[in-house]
Each structure stands twice: as C-alpha cells, then as structure tokens.
Amino acid sequence: MDGLCVCRAPVTRAHILGTGSYVPERVLTNDDLAKLVDTSDAWIAERTGIRARHVAAPGELTSDMAVKASVHALELAQTRPEDLDAVIVGTVTPDMPMPATAAFLAHKLGAKKAFAFDLSAACAGSVFGLSIAQQYIQSGAAKRILVVGVELLSRVVDWTDRSTCVLFGDAAGALVVGPSPDPARGILSTHLHTDGAQANILAIRGGGSKHPQSAEVLAQKLHLVSMNGKEVFRFAVRALTDAVKEAMGANGLVPGQVDHVVAHQANLRILEAVLDRLDIPMAKAWTNIDRYGNTSSASMPMTLDELNRAGKLQQGQNLVLMAIGGGMSWGSGVIRW
Ligand code: COA
C-alpha cells in the first residue's frame, strides 16, 4: 500500500492552532430508530457502539453547520476570518454540486482573501484536508488555513434501510492550521492512500455523470448511500492498521509512545480491532460514537476538539490520527501537541 508520504523535516512545521465542532440540536436515539425500521437499541449498540446521533433541522445547510464549528475553531486560534489564506472543506454532502460548500462557508465567515474548495474523500476528508493544509503551511505559501469536515448525511441515507440508516449522524468539525510556534511540535507527518478498485463497497451512485438525476435514479434510490458493510469493515481494519503502522514507523514511534488516538469513528468494533492489532490500549482513544454515530469527515476534527476542550492534551504528547471512507480513501498522521 504505497501512498503519498509527507514526512521530511520541514523548514516551517504546521500545527493545529484551534479546534471547533458543532452538532445539530435534534437527537435521534436507537429507540427512536426502532420505530422507523426493524431494529433495536441492543443490536445497534452491540454491533456498532452507537446509541444516538444528531440530525440537522429542516432548512439547516451543510455550510451552516460548517460556520458554527469554524467560528469556535477561529476563536480558539485567535484568528480573524479575513486573515485566512484558504478554506478547505471535506464533504460528500455539499449544499449543492456547484459551487463548493467552501465558497459558501468562506463567504458566510467573511474570509474575503481565502481561496476555497471542497475535497471528496468521504470520511477521510479531514485527514486529506489537513495534509493539504500542512503542505501549504510548511512551504510558506500560506499562514492560516481553515480545514473543515462536515456532513449532513441524514439527507442522503435511506431511512428504510436498517443496515445503513442506523450508522450515520450529522456534524461539523473544524481545524485552524498555521505555523507551529515551536518547530519540535506540530504535524510530524501525514500519509494518504486511495484504492479505487474498492469504489463499489461504499458509494452514492446517482446524481453524477454515470447516473444523472432522473425519476429512475430516484425510484431506484441511487441518490442514497449504499454500502457492503462486511467488506467495508474488513477493508477498514486492514487499511487503518497498516496506515497507523506507517505513520508510527515514519516517526520512530512504538505503541507505548502514543498518548492519544484521534480516530474517525465509523464503528467502535473497527477501532477496537485496529488498536488490538497495533497493541495500543483502547484507553488511548477518545470515543464519542455512542453520542454522535458515524459523522464521516466531521468525526476526526470533532474528536480532537473534544479532547482539546476537555484539557486532555498536553504539550509534547504524541497524537496518532486515522480515518477511512468511500473511495476507498484513508489516511493517518502523527501530531506532537
Ligand atoms: N438492526 C437489526 N438487524 C440488522 C440491522 C439493524 N440495524 N442491520 C442489519 N441487520 C441484520 C441483517 O439483515 C442480517 O440479518 P440476516 O442474518 O437475517 O440476513 C444480520 O443483521 C447480520 O447482518 P450483517 O450485515 O452481517 O451484520 P454485521 O455484523 O456485518 O454488521 C454493520 C453490520 C453495518 C454494523 C457492519 O458491517 C459495519 O459496521 N460495517 C462497517 C460500516 C462502516 O463503518 N461504514 C462507514 C465507513 S466510513
């Protein structure tokens, strides 16, 4: 699994200067879902670790959620929107196919000088965005970049399909990336991979050039998420284990030197299986999938934000990142906090 490795000692190291997150107000519990489809709290909790998820209000947009998470991250980073050089949004549920949700976000924030674009790496969107931001900061081409993972998956799940609708939740997570005040701290490396041969195991098939919107696309539900859960599970465990080994190896880290695992939470059992193979105790991973479900690209930055605001992160600690999503696309990284 050779992929892009960005691990040279940089002149300027990039760091995360601020974190933020947002979840919509409405909570949908497993018991609520059991009224919609043939499922139960016990089945969902046991197979996934999920007990509840948040669902956006009617009329609430992906960019609205992104704004709320971004404002929190900008405050913490003491950064004004007008000082942002770039806005990167990882999402598969944009406000509309064109223009980018990042353009709406930049406008709503008042990030007037920033260029803005969306990237499509599904649940790995934030790790991909963070890696791109890292390059711009390290090269000196930018001083402040906002990276957002945001998903409004409740609008693209099939609420009659119990094998997918129980998994996902709506949320946004934001990171402000800039030069590290201390070259020994910051993003040490990021590692990205994609295997398009696995494109079919997790997809939204309709609405693009292959299946343009039509009455038939709607009738066949091609505009909604489809997934081969077992295949995704198997692939994710293997790919994430390898990616974290790659990240630890690139930085000479052994399991005992990992202080925190900041993971995209797709399924608690995937995370448990990966950490078991890596010999890293689950106690190192901050989990919130019980409260939020799988929030796709929002998951990693939201988890980092929770750790950060709970005061769990100490200077010099090693954080290992990991995320995987449709593509299949996945990535890992190491941050020295
Ligand atoms: N409630 C009750 N029963 C359910 C159910 C639900 N919500 N969803 C599926 N089932 C049933 C199936 O119909 C099947 O019944 P059958 O044996 O009578 O045919 C049975 O449970 C087992 O289904 P299976 O798909 O084999 O379950 P699983 O153990 O693989 O768990 C997932 C299903 C989706 C939880 C699991 O495969 C998974 O988490 N995969 C990864 C998904 C993921 O992370 N996606 C996002 C990646 S970013």
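Trainee: Let's start with one residue: which helix does Arg-162 lie in?

Mentor: Arg-162 lies in helix H6. Keep in mind that this is a predicted model.

Trainee: Is Arg-162 buried, partly exposed or exposed?

Mentor: Look at the relative accessible area: under 20% is buried, over 50% is exposed, and anything in between is partly exposed. Arg-162 comes out at 48%, so it counts as partly exposed.

Trainee: And how far apart in space are Arg-162 and Leu-36?

Mentor: Here you compare places along the chain with places in space. Arg-162 and Leu-36 are 126 residues apart along the chain, yet their C-alpha atoms are separated by 8.9 Å.

Trainee: Okay, now the ligand. Which residues come nearest to it?

Mentor: There are 22 residues around the ligand, and the nearest are Thr-39, Arg-47, Arg-162, Lys-230 and Asn-267. So there's Arg-162 again!

Trainee: How do I read polar contacts with the ligand?

Mentor: You look for a pair of N or O atoms within 3.5 Å. Lys-230 has a polar side-chain atom 2.7 Å from a ligand oxygen. For Arg-162, an N or O atom of the side chain is 2.9 Å from an oxygen atom of the ligand. With Trp-43 the partner is a ligand nitrogen, 3.5 Å from a polar side-chain atom.

Trainee: How much of the ligand's accessible area does the protein cover?

Mentor: On its own the ligand has 960 Å² of accessible area, and the protein covers 74% of that. The space the ligand takes up is the second largest pocket.

Trainee: Which helix gives the most residues to the shell around the ligand?

Mentor: That's H8, with 4 residues. Helices H2, H6, H8 and H9 each supply at least two. By kind, the shell splits into 10 nonpolar, 7 polar and 5 charged residues.

Trainee: Can we try a couple of other residues? Is Thr-62 buried or exposed?

Mentor: Same cut-off as before: under 20% is buried. Thr-62 has 3% relative accessibility, so it counts as buried. Thr-62 is found in helix H3, which covers residues 62-76. A polar atom of the Thr-62 side chain lies 2.6 Å from the backbone oxygen of Thr-93.

Trainee: And where is Ala-124?

Mentor: Ala-124 is in the loop between strand S6 and helix H5. Don't let the word "loop" decide for you; check the accessibility. At 0%, Ala-124 counts as buried. Ala-124 and Ala-263 are 139 residues apart in sequence, but 10 Å apart in space from C-alpha to C-alpha.

Technical notes. Residues are numbered from 1 along each chain as its sequence is written. This is a predicted model: local features need pLDDT of at least 70, side-chain atom pairs count only at pLDDT 80 or more; totals for chains, interfaces and linings use all residues. Side-chain values use heavy atoms; hydrogens and water are left out. A residue is near a molecule or strand if one of its heavy atoms lies within 4 Å of it. A polar contact is a pair of N or O atoms within 3.5 Å; within protein, one must be able to donate a hydrogen and the other to accept it, and residues adjacent in sequence count only if both atoms are side-chain atoms. Accessible areas come from the Shrake-Rupley method with a 1.4 Å probe; for residues, only the protein chains shown count as cover. On a 1 Å grid over the protein atoms alone, a cavity is a set of points where a 1.4 Å probe fits but cannot get out, and a pocket is an open set with protein on both sides within 12 Å along at least five of seven lines; lining residues have an atom within 4 Å of a point. A molecule sits in a cavity or pocket if more than half of its atoms lie within 2 Å of its grid points. Ala, Val, Leu, Ile, Met, Phe, Trp, Tyr, Cys and Pro count as nonpolar, Asp, Glu, Lys and Arg as charged, and the others, Gly among them, as polar. Buried means under 20% relative accessible area, exposed over 50%, partly exposed in between (1.4 Å probe, protein chains only).
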